[in-house]
Amino acid sequence: MLSLQIVAEANTDTSFPSISGKTSQASYTFSNFVFDINLGDIKYSSPAAPTVNVEWVSFDFVFTWHYHMCANEWPNPCQSGTIQTYTASNIRLLSSLNVAFDGPTVQISASSTAMEYSGEDIIVVVTCSDFICLIPLADISNAVGEAFYSTVTSGLTTAINNAAAKRFNTLPTSFALPKLGLNLIWTGAWDFMYPAASPNLVLYMAGEFTGNNKQGPPFSPDFAPPINTFRKPASQFDLIVTPYMLRSAVWGLAQDGRFDVTITSNEVPAKSPIQLNTNSPALKAAVPGFAEYPDMNVTIVLSLFNTSDVAISTSGVTVSSTANATFFILNSTFHRYAFDCLVDLSFVATMNASLVGSHTVQIEGALGDFASSVEVVDTAVGPVNSMILGSILKLALSFVPNPPSESFSVPAELTVAGVSFTPQNGWADVSLNAEYNPSVPGTQCNSGGTFCPVGNTCCEWGGEWGCCTLPDAVCCSAGCCANGCSCDGEYCSC
């Protein structure tokens, strides 16, 4: 993705500024630059955050530009023409990037770019367009050689930064989940893993959920998944959800009062064995003092009393917390506080991830397996049996509605093929497989996903598609030739 964007940025850039300078033999102006580059075999390394070193083992190019040059020696002849520089073999391109997550968006910027090659790897062809050409072409080639390296590396650094600005630097470091009233915030802590069986790097970032006030929780992570979880990702994009992330989500929701639930008699089904009414045999058994208030409705107001514990297992996510439950008795003309209690409760949340079309991921959740124990802390209606009350609360909690579903739109360049939410013992894995359909200029060679950037030609070699770095090229059995040429064994006949 990064390679394709850089290639598109460089190959379609028509604003590269003219370059003027002076060598020991001549003064010159280079203008009207046209780039045709190809990048392949990308590798990463990270000496220390926030630096990421990127290496392209395969870097091919054809650069064409106009020149106007005047010799330093009398009679100071001047001439104009065209210069073309191209690679005779693959060379290496290296760039040092800085990656930061501590602002409102991700920031990727190239601080330097370097090329590694020998003198035989790059060919310079100079032509003179004047009627009389007095400056030796070798002098022009020498001038090109003196300015070539800094010109190309500076231009590529600009192309990398432009590509990053368009493709990556708009990615937010926080994501709002409005239906849940949560924000997922990347904390800026990040690092790289070197998978044992893969040359690629795996970037992992730490994150947490907050409420609408975006204040972080008063606790820290205390668990990290096994190292192999990062070395062998289940898909192209993996979000590893730890108990800390979910615990911070519960804390954020509690801070915003999202767990402040009022359960009324109207929400209990008529066929339920326990009704929220003072005439209910179960309630009268738990609270004998309700007999003094016949046929009145009972309302329960629940709010979380402390930060919760969260455990993840293959059966789901278990949330354990302490809530404050306040009971009221009322009718159309009467409203009275009854008693307060602390409820140690737990429930299991299950989640499911599914696709809606090919660009939307929907997350749905369900709550179940409620358990509770009760400690009465204050009463205005006489003694309260906490064991019976615990059974009543467990039933009442089963009527708490499931959280609303949340949908996420993925970028238009990604076509999602599959998504899943898989709980493990200690963490959960959200996996996303997607096909990248770049919105950069170029050609889709086949249905298998091979994409060649602008200025390249799709060629099929040995049953596999690849990119020839020449425009409108002739594909040969083991390579390609320039337009107008023909294949002649290992060589091109032009």
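Visitor: Hello! Which strand gives the most to the lining of the second largest pocket?

Guide: That is β3, with 3 residues. Keep in mind that this is a predicted model. β3 (51-71), β4 (78-87) and β24 (464-468) each supply at least two residues of that lining.

Visitor: How much space lies in the second largest pocket?

Guide: About 400 Å³. The lining has 16 residues, and the closest to the pocket's centre are Thr87, Ala88, Thr469, Leu470 and Cys480.

Visitor: How do the residues of this lining divide into nonpolar, polar and charged?

Guide: There are 10 nonpolar, 4 polar and 2 charged residues around the second largest pocket.

Visitor: Now for closed spaces. How many cavities of 30 Å³ or more does a search of the whole structure find?

Guide: The search finds 3. A cavity differs from a pocket in that the probe fits but cannot get out. Take the second largest cavity, with a volume of about 90 Å³. Its lining includes Phe30, Phe63, Trp65 and Phe148. β2 (26-45), β3 and α2 each give two or more residues, and α2 has the largest share, with 5. By class, the lining holds 9 nonpolar residues, 1 polar and no charged.

Visitor: And on the surface, which residues make a nonpolar patch of about 430 Å²?

Guide: Phe131, Ile132 and Leu134 make that patch. Ile132 sits in the loop between β7 (122-128) and α2 (137-167).

Visitor: Why does Ile132 count as exposed?

Guide: Exposed means over 50% relative accessible area. Ile132 has 56% relative accessibility, so Ile132 counts as exposed.

Methods
Residues numbered from 1 in each chain as written. Predicted model: local features only at pLDDT ≥ 70, side-chain atom pairs only at ≥ 80, totals over all residues. Heavy atoms only, no water. 1 Å grid on protein atoms, 1.4 Å probe; cavity = no way out; pocket = protein on both sides within 12 Å on 5 of 7 lines; lining within 4 Å. Points joined across faces, edges and corners; volume = space filled by probe spheres on them. Helix = DSSP H or I, 4+ residues; strand = E, 2+ residues; numbered from the N terminus. Nonpolar A, V, L, I, M, F, W, Y, C, P; charged D, E, K, R; others polar. Patch = residues over 30% accessible without salt bridge, like charges linked within 9 Å, V, L, I, M, F, W, Y side chains within 5 Å. Areas by Shrake-Rupley, 256 points an atom, 1.4 Å probe, with all protein chains shown as cover. Salt bridge = Lys/Arg side-chain N within 4 Å of Asp/Glu carboxyl O. Buried < 20%, exposed > 50% of the residue type's maximum accessible area, 1.4 Å probe, protein only.
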